[in-house]
Amino acid sequence: MVGVPELPEVETVRRMLEPAMRGARFRRVILNRPNLRIPFPEQFVERLRGKTVDAVARRGKYLMVGLSSGETLIMHLGMSGWFHVAATGDRTRDADAHDHVVLVMSSGRTIVFNDPRRFGFMDLAAEGQLTEYPSLRAMGPEPLLPEFNAASLAQKCRGKRVALKVALLDQRLVAGLGNIYASEALHHAALSPLRAASSIATATGKPRAAAERLAAGIKAVLTSAIRRSESPYRSGRFRVYEREGQPCPRPGCDGTIERITQGARSTFYCPTCQR
Ligand SMILES: [Zn+2]
């Protein structure tokens with residue numbers, strides 16, 4: 001695995017979980033430990049068992065499972081979390097020491113949450129409290145919806161002196177981007193990760209051409225990553241991520257991909273065509 005799950009990987013998980021969960025009841029809920037990154041909520045098993053799943057949604061990097069009780073099960077993959085879905089009773093995959101949660105659904109599917117590093121979490125939000133949930137409250141727009149565009153991006157970058165790449169990791173600016181797709185989107189848009197975030201907007205927060213290119217680049221790299229989702233962590237599919245020293249993939253560019261550090265994270269870019 002080359003990176004932490006970002007929007008495309010979480011969307012892939014959502015699409016995998018939906019047929020196993022939606023319309024199904026939790027028959028059994030097995031916790032193999034008391035916590036992940038944080039403790040499971042009070043009475044977690046009892047609050048799930050017997051409830052029906054109304055919807056399996058996603059917001060940024062969070063999975064949101066709506067329950068018949070009115071509560072929402074919020075799940076985050078952290079650094080290394082993943083779900084395995086199989087027919088209940090299927091033994092083709094051996095149980096693993098990092099299988100922390102097992103959900104036996106009335107759909108005939110069993111869902112296992114495996115997370116070696118345990119930075120993932122599961123929590124429950126009461127009805128009506130979802131919009132106030134700490135990680136979701138200030139979250140920016142969903143990048144694949146029309147509400148995210150050059151105008152909304154420019155408005156949020158107005159006056160920001162921080163480097164553009166660093167700004168893109170701020171979930172208040174746009175939801176779901178992480179280190180991989182921030183680099184990928186900047187290459188797609190031919191924008192330097194080092195330029196100030198404010199440079200894509202006018203002084204009054206109107207979008208410049210760079211904002212149009214960046215909004216389009218973000219949508220393009222996320223959409224194509226979701227499409228290639230059958231192999232979510234295969235590094236060969238990236239434009240610049242973990243490709244330092246390799247030729248720039250942009251047709252007509254003779255640049256070489258470089259790796260730099262910004263905000264203690266690696267950035268990959270082509271200094272020749274990204275300006
Ligand atoms: Zn280039």
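**Exercise 1. Determine which residues Ala-201 touches, not counting residues up to four places away in sequence, and place Ala-201 in the fold.**

Solution. Ala-201 touches Ala-154, Arg-158, Lys-206 and Arg-208 once residues up to four places away in sequence are set aside, where contact means heavy atoms within 4.5 Å. This comes from a predicted model, in which local features need pLDDT of at least 70 and side-chain atom pairs count only at pLDDT 80 or more, whereas totals for chains, interfaces and linings use all residues. Residues are numbered from 1 along each chain as its sequence is written, and side-chain values use heavy atoms, with hydrogens and water left out.

The next step is location: Ala-201 is found in the loop between helix 6 and helix 7, with helices (H or I, at least four residues) and strands (E, at least two) taken as DSSP runs numbered from the N terminus. Its relative accessible area is 4%, so Ala-201 is buried; buried means under 20% relative accessible area, exposed over 50%, and partly exposed in between, with a 1.4 Å probe and protein chains only.

**Exercise 2. Describe two further residues of the loop between helix 6 and helix 7, Ala-190 and Ser-192.**

Solution. Begin with Ala-190, which comes just after helix 6 and has a phi near 55°, a positive value in a residue other than glycine. Ala-190 is buried, with a relative accessible area of 18%, and its C-alpha atom is separated by 16 Å from that of Ala-201, eleven residues apart along the chain.

Continue with Ser-192, which is buried at a relative accessible area of 10%. Leaving aside neighbours within four places in sequence, Ser-192 is in contact with Leu-164, Tyr-269, Gln-274 and Arg-275. Between Ser-192 and Pro-116, which are 76 residues apart in sequence, the C-alpha to C-alpha distance is 35 Å.

A positive phi near 55° in a residue other than glycine is also found at Gln-43, which belongs to the loop between strand 1 (26–31) and helix 2 (44–48).

**Exercise 3. Establish how many of the residues of helix 6 are buried, and what covers them.**

Solution. Of the ten residues of helix 6, nine are buried, so this helix is largely enclosed by the rest of the structure. The buried residues are Asn-179, Ile-180, Tyr-181, Ala-182, Ser-183, Glu-184, Ala-185, Leu-186 and His-187. What covers them includes helix 1 (7–21), helix 5, helix 7 and strand 10 (265–269).

**Exercise 4. Identify the largest nonpolar core and the helix that gives the most to it.**

Solution. A nonpolar core is a set of buried Ala, Val, Leu, Ile, Met, Phe, Trp, Tyr and Cys residues joined through side-chain atoms within 4.5 Å. The largest has 40 residues, and those with the most contacts inside it are Leu-153, Leu-168, Tyr-181, Ile-200, Leu-214 and Ile-218. At least two residues of this core are supplied by each of helix 4 (150–157), helix 5 (164–168), helix 6 (179–188) and helix 7 (209–227), and helix 7 gives the most, with nine residues.

Taking Ile-218 as an example, and not counting residues up to four places away in sequence, one finds that it touches Pro-143, Phe-148, Leu-168, Leu-177 and Ala-185. Apart from the largest core lies another, of 30 residues, among them Met-21, Leu-63, Phe-83 and Phe-113.

**Exercise 5. Characterise the surroundings of Asp-99 in strand 6.**

Solution. Asp-99 lies in strand 6, which covers residues 99–105, and is buried, with a relative accessible area of 8%. Apart from neighbours within four places in sequence, its contacts are Asn-32, Arg-93, Val-112, Phe-113 and Asn-114. Phe-113 is also among the residues of the core of 30 residues.

**Exercise 6. Describe the chain as a whole, from its secondary structure to its box along the principal axes.**

Solution. The chain has seven helices and ten strands. Its radius of gyration is 20 Å, close to the 19 Å that the globule rule gives for 275 residues, so the chain is as compact as a globular protein of that length; the radius is taken over C-alpha atoms, and the rule is 2.2 Å times the number of residues to the power 0.38. Along the principal axes, the C-alpha atoms fill a box of roughly 55 × 40 × 30 Å.

Buried residues make up 51% of the 275. Among contacts with a separation of 6 or more, 68% are between residues 24 or more positions apart.
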